[in-house]
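This briefing covers model confidence, a disulfide and a sheet. Please read it alongside the sequence and the coordinates.

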Amino acid sequence: MSQKNRVGIAAGRGLLLLGAAWLSSAVNASQSMIITVTKGFGVSLYATDVGDAKQMAVGDEGTLFVGSHKSGTIHALVDSNHDGRVDKRYLIAKGLDYPEALAFHKGDLYVALEDRVVVYRDIEPRLRRPPRAREVYDQLPGNGKKSARAMRFGPDDRLYIAISAPCNVCEPSAPFGSIIAVDVNSGSSQQIALGIRNVIGFDWSPLDNRLWFADMSRDWMGDNLPPDELNRVDVAGAHYGFPYVHGKAVQEPAYEEPKSLNITKPVYELPAHVSPMGMLFYRGSQFPAEYHNQILLAENGSWNRSSKVGYQIVVLETDGRQVSNRRTLVSFLDGEFPVARPHSLAMAPDGAVYISDDLKGNIYRLYYKDTDAEDTESESDYAPAPEQENE
């Protein structure tokens with residue numbers, strides 16, 4: 001039997017079809033599409049219409065917060081009866097400057113804007129009437145230079161912020177092209193990694209608390225160059241090559257590598273242009289044991305390649321030091337037609353994994369369905385809850 005299932009999600013209903021050859025688009029019911037999922041797993045439509053969904057953060061009470069880029073909104077999604085479907089949704093903020101990076105810590109929601117980080121204190125009990133945002137850090141680079149941001153709190157309770165380079169290839173001025181760690185109480189910061197290009201996904205290994213991150217390499221060097229990267233921080237302040245070296249050994253023609261520069265090579269090279277974004281080490285218990293402490297990576301997909309690659313969630317099998325294998329868990333690519341562009345990943349309280357889709361503004365829920373039976377058809381009644389704006 002094939003180890004892949006066909007999954008269908010019907011518009012407005014979250015219809016799950018294992019073994020089906022087609023599905024209706026969550027955006028346009030007349031348009032058919034196919035999602036392929038590893039046997040034993042399922043994908044359901046958790047929420048729709050959340051803008052160009054970017055990074056997510058999960059609150060202590062299970063609230064899923066979703067950031068955006070162009071939409072300028074932050075949504076809060078609540079599954080109050082714990083049935084894997086959104087019951088209530090709230091608009092926490094709108095009209096913001098690129099609130100794509102979110103982090104939740106000790107009851108508070110942190111949001112990176114263009115040139116600063118703000119916090120919404122004690123947010124979960126106040127979703128209907130969110131508190132006023134307070135500035136906690138004002139040293140992010142602005143000045144109209146747009147670059148991707150990502151945030152997570154580390155095991156040391158510091159806020160780690162990835163500040164990507166504002167270019168395809170250039171010598172960015174600091175703090176562009178770096179990961180920093182910020183003490184949100186004192187405002188002090190430390191450079192953790194330099195020489196990065198575009199980092200959205202990072203997480204700490206549950207085995208040794210070392211920081212790993214995925215980096216997207218430059219464009220316009222052909223279909224198969226340069227490789228995207230998976231890196232690990234062994235020494236704070238290490239340089240990871242951008243813009244001088246891409247992957248382990250692809251030299252940048254536009255810039256000469258400084259002779260005195262000590263470059264840390266990636267742990268693993270990903271195929272060129274898959275665009276790695278969200279990543280996490282799976283810490284839940286719902287998935288089978290073979291997935292525990294392994295890396296889940298969202299590949300947002302190629303945009304300037306003659307044939308498309310990426311558009312999937314992959315598992316990177318690791319022993320905590322090296323990566324031995326990369327395999328597809330969920331594919332959102334139907335031939336040459338992408339039905340979603342997975343951006344970020346977040347762990348649900350029950351061990352499922354949320355996937356944000358910045359192509360159609362959907363949130364998907366990846367879960368494990370323990371069965372050895374033949375492919376079956378099941379149905380879940382899904383109706384997006386009405387949005388409740390601030391009063």
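In which sense, and over how many bridges, do S19 and strand S20 pair? The pairing of S19 with S20 (residues 211-215) is antiparallel and runs over three bridges. The model is predicted, and the chain has an average pLDDT of 88.

**Confidence**
- A pLDDT of at least 70 is reached by 85% of the residues.
- Residues 9-30 have pLDDT below 50, yet this stretch makes 76 contacts in the model beyond near neighbours in sequence.
- Residues 373-391 also stay under 50 in pLDDT, and the model gives them 55 contacts beyond four places in sequence.
- Predicted coordinates should not be read in detail where pLDDT is low.

**Disulfide**
- The structure has one disulfide, formed by cysteine 167 and cysteine 170 with their sulfur atoms 1.9 Å apart.
- The link between cysteine 167 and cysteine 170 is left-handed, with -70 degrees about the S-S bond.
- Cysteine 167 counts as partly exposed because its relative accessibility is 21%, within the 20% to 50% range for that class.
- Cysteine 170 has 16% relative accessibility and therefore counts as buried, a class that lies under 20%.

**Sheet**
- Four strands in the order S19-S20-S21-S25 make an open sheet with antiparallel pairing.
- Strand S19 (202-204) and strand S25 (268-270) are the edge strands, each pairing on one side only.
- On average, neighbouring strands of this sheet are turned by 20 degrees against each other, direction ignored.
- Phenylalanine 202 is opposite phenylalanine 213 of S20.

Note on methods
Residues are numbered from 1 along each chain as its sequence is written. This is a predicted model: local features need pLDDT of at least 70, side-chain atom pairs count only at pLDDT 80 or more; totals for chains, interfaces and linings use all residues. Side-chain values use heavy atoms; hydrogens and water are left out. pLDDT is the predictor's confidence in each residue, from 0 to 100. Contact means heavy atoms within 4.5 Å. A disulfide is a pair of cysteine sulfur atoms within 2.5 Å. Buried means under 20% relative accessible area, exposed over 50%, partly exposed in between (1.4 Å probe, protein chains only). Two strands pair if DSSP finds at least two bridges between them. Helices (H or I, at least four residues) and strands (E, at least two) are DSSP runs, numbered from the N terminus. Axes are lines fitted to C-alpha atoms, for helices over the stretch in contact, and angles run from 0 to 180 degrees between N-to-C directions.
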